[in-house]
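Student: I should like to learn how to read the features of a structural model, step by step. Could we begin with the exposure of side chains and proceed from there?

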Amino acid sequence: MEGAAERIHSEATTRLASLADYGVTAAALEELEDDIDAYAAIAESPRIGIAGRKTITNQLAEEFRKAESILKDILDRLALQFKTTNPESSTITPTPGPLSIVPAG
């Protein structure tokens, strides 16, 4: 659509003198050009937004893997130290997933 409007604007600008009988003026063509530019800005925004959201969504899986790695590799091991110092307050078991703390009792 945008390409067609630009072609019409270009052809009308080229033939401005012969279009005067039809009420086409330089000011009208300038207004058309402004409208084309405004449309292009609005039409491009959703595409940019969609591309940006897709990129962020694709990055989520990696960020979740990093968070899981922190839980498994660091926090689970740190929590094990409390098992020996205060074993009657809770049972801490390393798991393949996130840390599991089960109250004693």
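Tutor: We begin with the classes of exposure. A residue is buried when its relative accessible area is under 20%, exposed when that area is over 50%, and partly exposed in between. Please bear in mind throughout that this is a predicted model.

Student: How is glutamate 11 classed on that scale: buried, partly exposed or exposed?

Tutor: Glutamate 11 has a relative accessible area of 42%, so this residue is partly exposed.

Student: With which residue does glutamate 11 form a salt bridge?

Tutor: The general idea comes before the case. Side chains of opposite charge can pair when their charged atoms come close. Here, glutamate 11 forms a salt bridge with arginine 15, and the closest N and O atoms are 2.1 Å apart. Arginine 15 has a relative accessible area of 43% and is therefore partly exposed as well.

Student: How many salt bridges does a search of the whole structure find?

Tutor: The search finds three salt bridges. Besides the pair just described, arginine 65 and glutamate 62 meet through their side chains, with an N to O distance of 3.1 Å. Lysine 66 and glutamate 63 form a salt bridge at 3.5 Å, again from N to O.

Student: Why are arginine 65 and glutamate 62 separated by about one helical turn?

Tutor: The reason lies in their spacing: arginine 65 and glutamate 62 are about one helical turn apart because three residues separate their positions in helix α3. Lysine 66 and glutamate 63 also lie in helix α3, three residues apart, which is about one turn of the helix.

Student: How exposed are the members of these two pairs?

Tutor: Arginine 65 reaches 51% relative accessibility and so counts as exposed. Its partner glutamate 62, at 35%, is partly exposed. In the other pair, lysine 66 counts as partly exposed at 42%, and glutamate 63 is partly exposed at 44%.

Student: Where does the chain carry a negative surface patch, and which residues form this patch?

Tutor: A charged patch is read as a group of like charges joined within 9 Å, taken from residues that have over 30% relative accessible area and no salt bridge. In this model, Glu6, Glu30, Glu31, Glu33, Asp34, Asp35 and Asp37 form a negative surface patch. Helix α3, which spans residues 26-85, gives the most to the patch, with six residues. Aspartate 35 is found in helix α3, and its relative accessibility of 46% means that aspartate 35 counts as partly exposed.

Student: Which residues form a nonpolar patch on the surface?

Tutor: The nonpolar patch consists of Ile70, Ile74, Leu75 and Leu78, which together have about 340 Å² of accessible area. Isoleucine 70 belongs to helix α3 and is partly exposed, since its relative accessible area is 44%. For the chain as a whole, the accessible surface comes to about 8200 Å², and 62% of this belongs to carbon and sulfur atoms.

Student: Let us turn to burial. Why does histidine 9 count as buried?

Tutor: Histidine 9 has 14% relative accessibility, and this value is under the 20% limit, so the residue counts as buried. Histidine 9 lies in helix α1, residues 2-14. Leaving aside residues up to four places away in sequence, histidine 9 touches Leu29, Leu32, Glu33 and Ile36. Alanine 40, in helix α3, is likewise buried, with a relative accessible area of 19%. Of the 105 residues of the chain, 10% count as buried.

Student: How far from alanine 40 is glycine 3, in sequence and between C-alpha atoms?

Tutor: Alanine 40 and glycine 3 are 37 residues apart along the chain, and their C-alpha atoms are separated by 9.9 Å. A similar reading applies to leucine 16, in helix α2, residues 16-19. The C-alpha atoms of leucine 16 and leucine 29 are separated by 8.9 Å, with their positions 13 residues apart along the chain. Leucine 16 touches Val24, Thr25, Ala26 and Leu29, residues up to four places away not being counted. Leucine 16 has 25% relative accessibility and so counts as partly exposed.

Student: Finally, what pattern does the chain follow along the sequence?

Tutor: The chain has three helices and two strands, in the order α-α-α-β-β. Among its contacts with a separation of 6 or more, 28% join residues 24 or more positions apart.

Conventions:
Residues numbered from 1 in each chain as written. Predicted model: local features only at pLDDT ≥ 70, side-chain atom pairs only at ≥ 80, totals over all residues. Heavy atoms only, no water. Patch = residues over 30% accessible without salt bridge, like charges linked within 9 Å, V, L, I, M, F, W, Y side chains within 5 Å. Areas by Shrake-Rupley, 256 points an atom, 1.4 Å probe, with all protein chains shown as cover. Salt bridge = Lys/Arg side-chain N within 4 Å of Asp/Glu carboxyl O. Lys, Arg positive; Asp, Glu negative; His and termini not counted. Charge placed at Lys NZ, Arg CZ, Asp CG, Glu CD. Helix = DSSP H or I, 4+ residues; strand = E, 2+ residues; numbered from the N terminus. Buried < 20%, exposed > 50% of the residue type's maximum accessible area, 1.4 Å probe, protein only. Contact = heavy atoms within 4.5 Å.
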